[in-house]
Amino acid sequence: MYKMKWRPIPFLLFIFLLPIIHGLASVCAAVVLPQEYNSDTVSLELIHRHSPQVMGRPKTRLQRLRELVHSDSLRQLMILHKLRGGQILRRKAREVLNSRVSNDAIEVPIHPAADYGIGQYFVTIRVGTPSQKFMLVADTGSDLTWMSCKYHCKSRNCFNRKARRIRHRRVFHANLSSSFKTIPCLTDMCKIELMNLFSLTSCPTPITPCAYDYRYSDGSTALGFFANETVTVGLRRGRKMRLHDVLIGCSESFQGQSFQAADGVMGLGYSKYSFAIKAAEKFGGKFSYCLVDHLSHKNVSNYLTFGSSRSKEALSNNMTYTELVLGMASTLYAVNVMGISIGGEMLRIPFEVWDVKGAGGTILDSGSSLTFLTEPAYRPVMAALRVSLLKFRKVEMEIGPLEYCFNSTGFEENLVPRVAFHFGDGAKFEPPVKSYVISAADGVRCLGFVSIAWPGTSVIGNIMQQNHLWEFDLHRNKLGFAPSTCTRV
């Protein structure tokens with residue numbers, strides 16, 4: 001019988017920034033950031049998958065929650081594959097950020113898709129010369145940026161308005177872009193460097209484009225080939241900047257349930273060829289995001305920012321910093337955590353639960369909506385929270401694995417003790433009560449924790465992260481966070 005020791009020690013908390021299904025394999029980038037950089041920002045608007053911009057048809061709160069739970073169950077399989085493979089897929093890549101960088105920054109809006117149906121966030125970018133517009137899933141668990149694509153299309157119908165979309169997706173017409181450059185299959189880049197991005201060995205001629213078969217843990221696949229392309233992003237004060245030679249995937253076919261509402265994926269993993277690193281090398285090695293309430297209306301949004309965030313500048317006096325651990329497992333982001341407290345008291349949880357070098361560990365994943373805890377952590381957390389809810393009648397809601405829902409008539413958030421995550425250097429993250437006592441329907445709330453088997457990896461989802469600004473400083477290996485309404489400054 002496996003015996004646990006009750007001794008608190010620091011553990012690693014892996015961070016997946018923006019939702020989405022992870023690729024099974026990825027390349028870990030140990031990245032050296034340049035000292036000189038652009039002082040402006042690039043900001044991309046984040047759009048939640050439930051937003052009418054993505055789903056189009058509004059759904060009830062209960063329908064959305066059930067869909068989030070279903071999507072989460074698939075994503076836990078992906079996370080399991082990602083973490084199991086991460087330790088053997090390390091690749092030295094710090095040289096990628098050794099080039100000179102700009103003093104500007106990129107800002108991209110992030111919308112909450114609370115009227116759509118699954119726990120993913122989307123960004124809109126422009127690709128090619130002249131640029132073509134696409135809505136992509138922003139995913140820190142993926143390293144490849146790809147979109148639905150056509151190349152060498154000779155039909156008259158290739159460029160009409162209807163042909164611009166495949167199954168409601170926009171299509172990138174590579175022939176129309178003067179900056180589109182394929183990666184030849186005979187190159188070392190194809191045969192070696194892109195191997196962990198599922199490059200194929202087939203090479204009928206030296207100039208045949210390097211092909212890929214990109215697979216996700218739910219069985220979804222994207223088939224296409226690699227190319228370098230120009231991406232146009234917006235700077236502060238309405239200016240634009242072009243990022244040249246961004247590695248993209250031209251996906252000529254796609255099968256599966258993943259990313260149904262998107263045109264493709266923006267890879268934000270910490271790897272040599274991800275969009276996150278390409279942008280970071282120009283903007284000082286920093287990016288930040290802020291997730292609005294998942295039930296927000298479509299006119300509420302925030303931004304994924306590369307460079308110095310204006311929101312961060314406004315919150316500078318309230319920012320808390322802790323160590324950001326890079327290169328520990330595949331392309332994920334990690335921080336050191338000591339434990340969890342509820343109502344100011346540390347819970348008695350075996351240290352093995354948090355030990356990533358053993359059978360445990362915890363990730364912070366914005367692609368998962370709810371928070372998943374292994375049994376030795378789940379039971380004490382639920383027990384401590386249920387005590388404060390005994391006066392409310394328990395109700396059965398049939399929302400997948402959500403165990404505890406109650407009639408919330410007369411409920412007030414100050415009745416529930418505060419949950420806090422404690423970091424090894426003394427920092428503390430204390431989410432708002434609404435992030436773990438979540439609204440399921442009119443008059444009904446549920447504790448937003450789900451049990452998973454031990455041994456295993458716990459997951460802190462995006463609902464727990466909402467209403468906080470998160471800044472990732474890859475140059476100084478620091479993570480900053482502060483409470484925020486997540487509205488633009």
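Quick word on names before we start: when I say helix or strand, I mean a DSSP run, at least four residues for a helix (H or I) and at least two for a strand (E), numbered from the N terminus. With that in hand, take asparagine 467, which sits in the loop between α6 (462–465) and β33 (468–473). Its phi is near 65 degrees, a positive value in a residue other than glycine. Most residues other than glycine have a negative phi, and most peptide bonds are trans. Asparagine 467 is also buried, because its relative accessible area is 14% and the cut-off for buried is under 20%.

Okay, one caution: this is a predicted model. The average pLDDT for the protein is 77, and 73% of the residues score at least 70. Two stretches to treat with care: over residues 86–102 the pLDDT is below 50, though in the model that stretch still has 63 contacts beyond near neighbours in sequence. Residues 159–166 are also below 50, with 18 contacts counted that way.

Back to backbone oddities. Phenylalanine 198 has a positive phi too, about 70 degrees, and is not a glycine. You'll find phenylalanine 198 in the loop between α2 (188–193) and β14. Then there are cis peptide bonds. One runs from threonine 129 to proline 130, with omega near -5 degrees, and proline 130 is in the loop between β7 (121–127) and β8 (132–139). Another goes from tryptophan 454 to proline 455, omega near 0 degrees; proline 455 belongs to the loop between β31 and β32 (458–460).

Now for the aromatics. How many aromatic pairs does a search of the whole structure find? The search turns up 20. Let me show you tyrosine 151 and phenylalanine 225: the ring centres are 5.3 Å apart and the planes are at 50 degrees, so we call the pair tilted. What I like here is that the pair links distant parts of the chain, 74 residues apart, with tyrosine 151 in the loop between β9 (145–150) and β10 (165–166) and phenylalanine 225 in strand β15 (residues 221–234). Are those two residues buried or partly exposed? Tyrosine 151 has 23% relative accessibility, so it counts as partly exposed, while phenylalanine 225 is buried at 6%.

Go one residue along, to phenylalanine 226, which makes a tilted aromatic pair with tyrosine 212, 4.9 Å centre to centre and 55 degrees between the planes. That pair also links distant parts of the chain: tyrosine 212 is in strand β14 (residues 211–215), phenylalanine 226 in strand β15, 14 residues apart. Both are buried, with relative accessible areas of 1% for tyrosine 212 and 0% for phenylalanine 226. There's a cluster as well: Tyr151 and Phe225 join Phe134, Phe172 and Phe180 in one aromatic group.

Staying on β14, look at aspartate 213. At 14% relative accessibility, that aspartate counts as buried. Beyond neighbours within four places in sequence, the contacts of aspartate 213 are Phe198, Leu200, Thr221, Ala222 and Leu223. So Phe198, the one with the positive phi, shows up again here.

Next, the nonpolar cores. In soluble globular proteins, nonpolar side chains tend to be buried together. The largest core here has 81 residues, and the members touching the most others are Phe275, Leu304, Phe306 and Leu474. Apart from that one there's another core of 24 residues, including Leu65, Ile363, Cys446 and Ile463.

Keep Ile463 in mind for serine 435, over in the loop between β28 (428–429) and β29 (437–441). Serine 435 is buried, with 2% relative accessibility. What does its side chain reach at 3.0 Å? The backbone oxygen of isoleucine 463. Leaving out neighbours within four places in sequence, serine 435 is in contact with Ile463, Met464 and Gln466. Threonine 371 is 64 residues from serine 435 in sequence, and the two C-alpha atoms are 9.6 Å apart.

Last stop, helix α5, residues 375–386. At 1.5 Å a residue its 12 residues should span 16 Å, and the end C-alpha atoms are 16 Å apart, which agrees. Which residues of α5 are buried? Pro376, Ala377, Tyr378, Val381, Met382 and Leu385. An α-helix has 3.6 residues a turn, so residues three or four places apart point the same way. The buried residues of α5 pack against strands β21 (333–342), β24 (371–374), β27 (419–423), β30 (444–447) and β31 (449–452). That's my tour, thanks.

Terms used:
Residues are numbered from 1 along each chain as its sequence is written. This is a predicted model: local features need pLDDT of at least 70, side-chain atom pairs count only at pLDDT 80 or more; totals for chains, interfaces and linings use all residues. Side-chain values use heavy atoms; hydrogens and water are left out. The expected span of a helix is 1.5 Å times one less than its number of residues. Buried means under 20% relative accessible area, exposed over 50%, partly exposed in between (1.4 Å probe, protein chains only). Contact means heavy atoms within 4.5 Å. Rings of Phe, Tyr and Trp (its six-membered ring) pair if their centres lie within 6.5 Å; planes under 30 degrees apart count as stacked, over 60 as edge-to-face and the rest as tilted. A nonpolar core is a set of buried Ala, Val, Leu, Ile, Met, Phe, Trp, Tyr and Cys residues joined through side-chain atoms within 4.5 Å. pLDDT is the predictor's confidence in each residue, from 0 to 100. A polar contact is a pair of N or O atoms within 3.5 Å; within protein, one must be able to donate a hydrogen and the other to accept it, and residues adjacent in sequence count only if both atoms are side-chain atoms.
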